[in-house]
Amino acid sequence: MTEWVDFFVYGAMIVTYWFVFATWISGFTISMVADRNPDWLAAHPEFARQLIGSRWFLWSCYAWGALSLVVLLAFQIGVWPRAISLAALQAPKWMVLKDINSTMLIVGLVYFFGCVGMFTRRLRREVPLAERRNATLERRSLDDFVPRWLRVATYTLAGIHLTAWLTVGVLRLYSTPGFWGQFVTLIVFSGVFFFFTRVSVNRPPIAMDRIFGPGYRRGEVRYAFAMEICAPAMFAVRLYQEVAGNAAFDIDRALHLGLVLLIVFGVLRFALHANPRRDLGERAPSLRALP
């Protein structure tokens, strides 16, 4: 598999985070203010204009995304020589691309969440919280979000998959000394996704539920459940590698690219389809008058 595949997958992640999602969240800030106190926002339209008029956060995200693409492309076409890094000389090219993308992403996310933290602090300091009615907690179950037949099929296949790992381990059919470590990782990942699915179903309402309506929780639960399906599927490929020995393709590389595409799909789905509820404009009429 050519390294251009890796480049375009990482490029899709960069564009998704630093262009599509950054644009979405930059406009979403006003919805957060309206949810916290729509009457205060209606009486202080200048605060909303400050939020919308401040473009430095959005342009800084664009700049970081562009820089990330340039660095990846420079390494891919050889403008940035591998000789600069001793580690790059000893590692496959696809792995260096992965490390570059991961490093740029982590540094960017530190900045991104730092800005989110600063905005949240300012929001709590300057915008008084409106009085809210305490609604009675509604009892929910996973059946409200995921069809029962899909749940049964998923957990049946997960049980078969777990049995297959135990069978390979007991019969010593594996080919690497790290087999049992991978098995423990499978258990941990499956447990984490199972836990987060249940938390998504039963957690108390949050601001995102009020802003986006009931569709937000439904999407959250279904995405978490999809990760429950993807985790065993990815480890099934690793089990094949253990039994078959030397696989015809690089398993680690394929799994990493698959995970990146899964994350890109989740972020794009949220950014393109998550819109504030229609009654948000009625709760904060001053928004319609903003330039």
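In this predicted model, helix α8 (residues 179-202) packs with helix α10 (residues 214-244) at an angle of about 170 degrees, and their axes lie 8 Å apart. Angles over 145 degrees count as roughly antiparallel, and α8 and α10 are therefore roughly antiparallel to each other. The residues that form the contact of α8 with α10 comprise 15 nonpolar, five polar and six charged ones.

Both helices also take part in a pocket. The second largest pocket has a volume of about 290 Å³. Among the elements that give two or more residues to the lining of this pocket are α8 and α10, and α7 (148-170) is another of them. The lining consists of 14 residues, and those that lie nearest the centre of the pocket are A158, G159, S190, G191 and P232. Sorted by class, the lining of the second largest pocket holds eight nonpolar residues, five polar residues and one charged residue.

The description now turns to the nonpolar interior. The largest nonpolar core contains 35 residues. Within this core, W18, F21, W24, L72, F112 and F212 touch the most other members. At least two residues of the core are supplied by each of the helices α1 (3-36), α4 (56-77), α6 (93-126), α9 (207-212) and α11 (251-273). Of these, α1 provides the largest share of the core, namely 12 residues.

Methods: Residues are numbered from 1 along each chain as its sequence is written. This is a predicted model: local features need pLDDT of at least 70, side-chain atom pairs count only at pLDDT 80 or more; totals for chains, interfaces and linings use all residues. Side-chain values use heavy atoms; hydrogens and water are left out. Axes are lines fitted to C-alpha atoms, for helices over the stretch in contact, and angles run from 0 to 180 degrees between N-to-C directions. Helices (H or I, at least four residues) and strands (E, at least two) are DSSP runs, numbered from the N terminus. Angles under 35 degrees count as roughly parallel, over 145 as roughly antiparallel, 65 to 115 as roughly perpendicular and the rest as oblique. Ala, Val, Leu, Ile, Met, Phe, Trp, Tyr, Cys and Pro count as nonpolar, Asp, Glu, Lys and Arg as charged, and the others, Gly among them, as polar. On a 1 Å grid over the protein atoms alone, a cavity is a set of points where a 1.4 Å probe fits but cannot get out, and a pocket is an open set with protein on both sides within 12 Å along at least five of seven lines; lining residues have an atom within 4 Å of a point. Grid points are joined across faces, edges and corners, and a volume is the space filled by probe spheres set on the points. A nonpolar core is a set of buried Ala, Val, Leu, Ile, Met, Phe, Trp, Tyr and Cys residues joined through side-chain atoms within 4.5 Å. Buried means under 20% relative accessible area, exposed over 50%, partly exposed in between (1.4 Å probe, protein chains only).
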